[in-house]
Amino acid sequence: MRIALDAMGGDYAPDPNIDGALAALELQPELQIALVGDQETLEKQLADRNVSDDRLSIVASEGVVGMDEKPTEALRKKPNSSISVSWQLMAGEKVDAVVSAGNTGAVVAAGLRTRLFLKGIKRPGIAVALPTAKGRSVLIDVGANPAARAEHLGQYAVMGSIYAQNVLGIENPSIGLMNIGSEDSKGTELYRETHKLLSEGPMKDRYVGNVEGRGLYQGEADVLVCEGFVGNVVLKVSEGMASYMLKALSEAVLSKLDVERAQAGKAFQEIGRSYQHNEEGGAPLLGIDGICIICHGSSDARSITNAIKVATAFKDRQINSQITEALS
């Protein structure tokens with residue numbers, strides 16, 4: 001497995017990217033990682049860590065797309081940025097996967113520029129796994145395609161279902177459409193058209209219909225489909241609410257305890273970990289001819305290691321082959 005790691009991407013780069021890569025190499029003997037970024041910086045970082053591993057290489061790039069930059073404009077001004085070079089490596093079949101904690105919009109835009117789409121795919125979508133009352137569910141799309149059409153959402157249902165079954169281990173995953181109500185007439189024209197498409201299409205036996213926002217965490221469907229704008233709002237609100245609720249609940253409960261305070265504190269930490277991005281590592285950009293794992297901007301070394309694990313599992317389980325076959 002060959003991975004291009006955007007070493008300059010993320011709020012705290014390059015340290016967590018390098019440390020995460022080194023940890024992944026220890027866990028996976030067959031792994032090869034190309035650190036993409038400023039050569040002088042990366043050489044110094046590796047020298048400071050006394051790293052000597054033939055499976056770890058450096059690929060020089062020029063410039064970094066900042067988190068606050070407009071993706072398309074930044075990519076135009078910095079054609080050899082670490083994000084762009086990572087995608088170029090995959091387009092040239094020099095690596096199997098791209099992993100980045102950089103500017104999400106730029107990661108997606110750089111991928112769209114390469115046109116590395118699986119056969120039949122109209123627009124790729126980002127899928128995330130979220131904890132629910134019944135286990136875990138996949139939400140797709142959470143930001144790649146905010147101007148989607150019904151046919152795009154129909155393909156997201158197929159891709160999300162394959163990902164849920166093969167990576168999350170959910171047999172015959174059910175599919176729902178995120179909407180403002182459960183009735184057939186609810187939502188914008190896009191959602192009404194998508195509802196009709198899913199109700200009458202090849203996934204109709206697994207389609208449970210429209211699912212309201214609260215249904216996501218109640219586990220009403222294993223795969224929830226939406227366009228990127230809605231999905232990104234749902235994801236960010238979920239992150240903020242989970243953080244707030246856990247903090248408020250833990251403070252209220254722990255303040256009332258004495259002897260059992262330590263045990264209760266550990267219990268809250270365990271619950272919190274299920275909502276933390278570093279446990280999942282990253283979210284796959286489904287629908288591309290290759291593998292792209294997009295990590296949270298504040299990813300630590302553990303996040304990067306787990307993201308690399310996700311990329312490896314993606315290849316081992318032949319997700320792309322299954323998507324192509326299902327849409328043929």
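Does N306 count as buried or exposed, and at what relative accessibility? In this predicted model, N306 counts as buried, at 13% relative accessibility, where buried means under 20% relative accessible area, exposed over 50% and partly exposed in between, for a 1.4 Å probe with protein chains only. Residues are numbered from 1 along each chain as its sequence is written. Because the model is predicted, local features need pLDDT of at least 70 and side-chain atom pairs count only at pLDDT 80 or more, while totals for chains, interfaces and linings use all residues, and side-chain values use heavy atoms, with hydrogens and water left out.

**View 1. N306 in helix 12 and its distance to A23.** N306 is found in helix 12, residues 301-316; helices (H or I, at least four residues) and strands (E, at least two) are DSSP runs, numbered from the N terminus. Although N306 and A23 are 283 residues apart in sequence, their C-alpha atoms are 9.6 Å apart in space.

**View 2. The two domains and the largest nonpolar core.** The domain assignment gives domain 1 (2-121 + 287-327) and domain 2 (126-273), with bounds that come from an automatic or database domain assignment. Taken over C-alpha atoms, the centres of domain 1 and domain 2 are separated by 26 Å. The contact between them takes 16 residues from domain 1 and 11 residues from domain 2, contact meaning heavy atoms within 4.5 Å. The largest nonpolar core has 95 residues, and those with the most contacts inside it are I33, L35, W87, V99, L139, V225 and L285. Helix 6 (residues 150-166) gives the most to this core, with nine residues, and at least three residues are drawn from each of domain 1 and domain 2. A nonpolar core is here a set of buried Ala, Val, Leu, Ile, Met, Phe, Trp, Tyr and Cys residues joined through side-chain atoms within 4.5 Å. In soluble globular proteins, nonpolar side chains tend to be buried together.

**View 3. W87 and the mostly covered helix 4.** Eight of the 10 residues of helix 4 (residues 82-91) are buried, namely S82, I83, S84, V85, S86, W87, L89 and M90. Leaving aside its neighbours within four places in sequence, W87 is in contact with V98, V107, A110, G111, T114, L116, L285, I288 and C292. Helix 4 is followed by E93, whose phi is positive, near 60 degrees.

**View 4. Salt bridges at R2, K44 and K78.** A search of the whole structure finds 11 salt bridges, each a side-chain nitrogen of Lys or Arg within 4 Å of a carboxyl oxygen of Asp or Glu. In one of them, the closest N and O atoms of D96 and R2 are 3.1 Å apart; this pair links distant parts of the chain, with D96 in the loop between helix 4 and strand 4 (97-100) and R2 in strand 1 (residues 2-6), 94 residues apart. D96 is buried, with a relative accessible area of 18%, whereas R2 is partly exposed, with 30%. The side chains of K44 and D48 also meet in a salt bridge, at 3.1 Å from N to O; K44 and D48 are separated by about one helical turn because they are four residues apart in helix 2 (residues 39-48), and K44 and D48 are both exposed. K78 forms a salt bridge with E69, the closest N and O atoms being 2.7 Å apart, and K78 is partly exposed at 24% relative accessible area, as is E69 at 26%. Salt bridges that share partners join R2, D96 and K315 into one network.

**View 5. Cis peptide bonds and positive phi values in loops.** A cis peptide bond with omega of about 5 degrees joins A13 and P14, and P14 has its place in the loop between strand 1 and helix 1 (15-27). The peptide bond from I140 to D141 is cis as well, with omega near 15 degrees, and D141 is placed in the loop between strand 6 (135-140) and helix 6. N50, a residue other than glycine, has a positive phi near 55 degrees; N50 lies in the loop between helix 2 and strand 3 (56-60) and counts as exposed at 70% relative accessibility.
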